[in-house]
Structures are given as C-alpha cells and as structure tokens.
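Biologist: I would like to learn how to read pockets, ligand shells and ring pairs in a model. Could you take me through one, step by step?

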Amino acid sequence: MAIIKIQKGTKDILPEEMSVWHFMEEKANEIFTKYGAKEIRTPIFEATELFARGVGDTTDIVNKEMYTFEKSERSLTLRPENTAGVVRSFIENGMHRLSAPIKLWYKGPMFRYERPQAGRQRQFHQVGIEVFGIKQPSADAEVILMAINYLKALGLNDLTVELNTLGCPVCREEFKTKLKAVIKPYLSNLCEDCQSRYEKNPLRLLDCKSPECQEIFAKSEIQAVIQGDFICPECAEHFKTLKEYLDTLGIKYERNKLLVRGLDYYNRTVFEIKSNSLGSQNAVCGGGRYDSLVKNLGGEDTPAVGFAMGMERLASLIGKIEDKKTTAFVISNDVKEALKLTEELRAENITTEFDLSNKKFVKQLEKASKTAKFAVILGEDEISQNKVTVKNLDTAEQKTIERSNIIKFFK
Ligand code: HAM
C-alpha cells in the first residue's frame, strides 16, 4: 500500500532532535521568568477576523498565507503568529486590570502558507514575549534585552540587531504621502506586488527584494525621502531615549531605515535580530511596539511591545546536543528481578533501563555500555546472595554491594 507522506513545508521533530528543543524551551522559561514574565498558551485556531483586524488585511500573511477553514458557518484560521491571539486573551481575561507591566511569554506552532525553503516552513514554531501597559522606551529596551539574553543563553552570539522607528500614525501618514509622490513617476516599472502595495501599504515598498524595484528605490530623490527623518518630535524623543538605553547597556545595533516589518500593527520601534551564519532566511527574531492593537481589537487603550523568534532557525544554529546517557542499565536474565530493581531505581528518580527482550548477558552489557553510565548486574550469584554488582561503564571499575545499598550508591 502507498505510504502517506508528510505535508510540504512541515517537519517531524524526531527523538534525536528533542534535546535541542527541550534546551530552547527550558532556557525560555528560565530567562523570561527572571524578567517577571509568565507563560501563556492560547488556542492554535482563532476567528479569522482576529488576524484580519489584528495583523492587517493589507499584509501578505492575511492576504496570501492563512490556513482558513469553515466550521459551523464560522471562519476559523490556524494562527499565523501569536501576538493577535495573546492580545485577544489579554482583553477577554481583563488583564489590563493587573498592575503594569504585564509580561506574557509563549511557545508553539504557527502556520503560514508560504513557499517552503531552507529556514521557511508552513508549520513552524515561535517562542515570543508580549509586554503590556508601558508606553515609555524602557519597555522597548527591556524587550530587546530579553531577546539578546535569551539568544546568549542558547550560546548564539554571531548576531546583528537592526533597529528602526516607524513613527506614529500621524507622522507616518506624512511619510507615506511623500514616498508615494516621489515614487509615482516610476509606478508602472515596479513589480506587480509593489504596484498593489503602492496603494494599500506603501511602507512595504521599502522591503521589496526585486532588483528592478531596488534600482528604482536607489534613485537620489527617493533615497532623500527614505533617509530623511520624517518622524514627529515625540516619536523622535522615544527613539532617541531607546537608543541611549541600549548604548548604556552596551547593546550594539544598526539603524536600518528600510526595516518596516510585514505586519500592520507596529508603531514607533521595530527591530529584527539576524544571524550572520544563516542564508537568505536569516531573521531569528522580529518584534516591535504596537500601541493601538489592544484598542483596535476592542480592549482598553494599552501600549504594548514584544517579539517572536523562529525556533527551527534557532535549532539549526544551536546544532546537535548529545542525548544524556541513562544513569543505570540493569543486566539480568531474571526478568522479574530486573523489573523489580529497575522500578525501585526509577522511583528514586534514577533514569534506568533494562533489556526487555532478555538477550544474552554479553549483548545486554554491550547495549548498556552504549547508552548508560552504570551497569547494575543481577546474575544468579548476586540474586542468591541478595547483592548487586555495579560497573562504571566509563572506567570499567566494578564492585559488588548489598542489594539494599543500591539507592545509597546512586544518591
Ligand atoms: P515575524 O517577523 O512574522 O513576527 O516572525 C518572527 C520570527 O518567526 C521570524 O523572525 C522568523 O524567525 C520566524 N518565522 C516567521 N515565519 C517563518 C516561517 N515561515 N518559517 C520559519 N520561521 C518563521 C511575528 O510573528 C510577530 N508576531 C512578532 C511580534 C511579537 N511582534 C510583536 N510581538
């Protein structure tokens, strides 16, 4: 019979890869908890409208990439990201009543119908954080700091932080008008995507990768608008203070005026952290401030800032972590005695295996030396004398002890 294959753009995370995933998850809990964040788990599917309103209906994510389906005449969507879901939960559970800042972190699968390639999947995992209730740039700085410290804890250092400000809806509107005016003469020469972005979301023109568009945007009159500082005094002050905080903390960053991010909810600070050793999909982290989203989704006016990281991309940078060896391997041809002893050890939190297929002694010893630190031998002599022989499989040292002392030996 034909085998059923895995879907394009999805991956099994196999047992031998699990140590890396546990490492990423444990470090997330450890680092984010240190900053006072609590974990939240929201559903994998939500009302489609949440993403249309939250992420924005001019974005590629909402227009082209959502896994949407109908059930009982409701339109549902597998979450393409988790900021919208966390904001929905924040509002629904009245979290604005908690004392600010409210810091929530998450991990889990996301779904985007994108063209799969190295570093880009249709089901992928994110670990992220959202901080609610603080409008000052100290929250932006702390969020960036959390991202960097998490990456450091994973042993990842060869990274570049890119930083930009998108201003507020008022100053951004002026910028969009100027940008559109200067690009208008070249409109018919832009790629198809940019022609539609021109009307719907002109800021996204800035991160078009097509060489023809790049050539047009490099023209001096267009560069003058892009490189000019369009932001209003309040937004400029926010950005200046954030940069001062980052400088004080010794965090290096590069200003990237073309960094606009692919989601509509951002205002003021946006940032990405890129790995210098990944290919074209080199962003390991993306985030920024989104002060209007809570209100736009029906909540109290609450400023917020956060980030998410792609865990597959992190895993590929971390590489392989060897599985820990089992502490003990019970070797015996008496299955009942072996079962009893194995369970006694496990009850004391000592990781223990024994050979379920009851192979020959030598075969059992061979297997033990590959997977365990100690062999606990229960031969006929040991059983009759109520003893066990413990062999250190690294040093080959062995000794016979009273069976009743075995837990003491490992403790
Ligand atoms: P994003 O930039 O769309 O932002 O995604 C964040 C990270 O998820 C990316 O930098 C990348 O590492 C990873 N990622 C995204 N798409 C894929 C994919 N198809 N395959 C593999 N990895 C991927 C957000 O999702 C925002 N919600 C971040 C945020 C949180 N902003 C504020 N709070």
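Modeller: Let's begin with the second largest pocket, which has a volume of about 350 Å³. This is a predicted model, so local features need pLDDT of at least 70 and side-chain atom pairs count only at pLDDT 80 or more, while totals for chains, interfaces and linings use all residues. Residues are numbered from 1 along each chain as its sequence is written, and side-chain values use heavy atoms, with hydrogens and water left out.

Biologist: How are a pocket and a cavity defined?

Modeller: On a 1 Å grid over the protein atoms alone, a cavity is a set of points where a 1.4 Å probe fits but cannot get out, and a pocket is an open set with protein on both sides within 12 Å along at least five of seven lines; lining residues have an atom within 4 Å of a point. Grid points are joined across faces, edges and corners, and a volume is the space filled by probe spheres set on the points.

Biologist: Which residues of the lining lie nearest the centre of the second largest pocket?

Modeller: They are Lys11, Glu17, Glu312, Ala315 and Ser316, out of 21 lining residues. Helix H1 (18-34) and helix H12 (311-318) each supply at least two residues of this lining, and H12 gives the largest share, four residues. Helices (H or I, at least four residues) and strands (E, at least two) are DSSP runs, numbered from the N terminus. By class, the lining of this pocket has six nonpolar, seven polar and eight charged residues. Here Ala, Val, Leu, Ile, Met, Phe, Trp, Tyr, Cys and Pro count as nonpolar, Asp, Glu, Lys and Arg as charged, and the others, Gly among them, as polar.

Biologist: How many cavities of 30 Å³ or more does the structure hold?

Modeller: There are two. The largest cavity has a volume of about 70 Å³, and its lining includes Asn164, Phe175, Arg255 and Lys257. That lining divides into seven nonpolar, two polar and two charged residues. The second largest cavity holds about 30 Å³ of space, with Val330, Phe354 and Asp355 among its lining residues.

Biologist: Now the ligand. How many residues surround it?

Modeller: A residue is near a molecule if one of its heavy atoms lies within 4 Å of it. By that rule 27 residues surround the ligand, and the closest are Glu81, Glu114, Glu130, Arg261 and Tyr266. Strand E10 (283-289) is one of the strands that supply at least two residues of this shell, and E10 gives the most, with six.

Biologist: Which atoms of the ligand take part in polar contacts?

Modeller: A polar contact is a pair of N or O atoms within 3.5 Å. An oxygen atom of the ligand is 2.8 Å from an N or O atom in the side chain of Arg261, and an oxygen atom of the ligand is 3.0 Å from one in the side chain of Gln126. A nitrogen atom of the ligand lies 3.4 Å from a polar backbone atom of Phe307. The protein covers 95% of the 660 Å² of accessible area that the ligand has on its own, by the Shrake-Rupley method with a 1.4 Å probe.

Biologist: And how do I read aromatic pairs?

Modeller: Rings of Phe, Tyr and Trp (its six-membered ring) pair if their centres lie within 6.5 Å; planes under 30 degrees apart count as stacked, over 60 as edge-to-face and the rest as tilted. The count here comes to 13 aromatic pairs. Phe32 and Tyr150 have ring centres 5.2 Å apart and planes at 45°, so the pair is tilted. Phe32 is in helix H1 and Tyr150 in helix H5 (residues 137-153), 118 residues apart.

Methods: A polar contact is a pair of N or O atoms within 3.5 Å; within protein, one must be able to donate a hydrogen and the other to accept it, and residues adjacent in sequence count only if both atoms are side-chain atoms.
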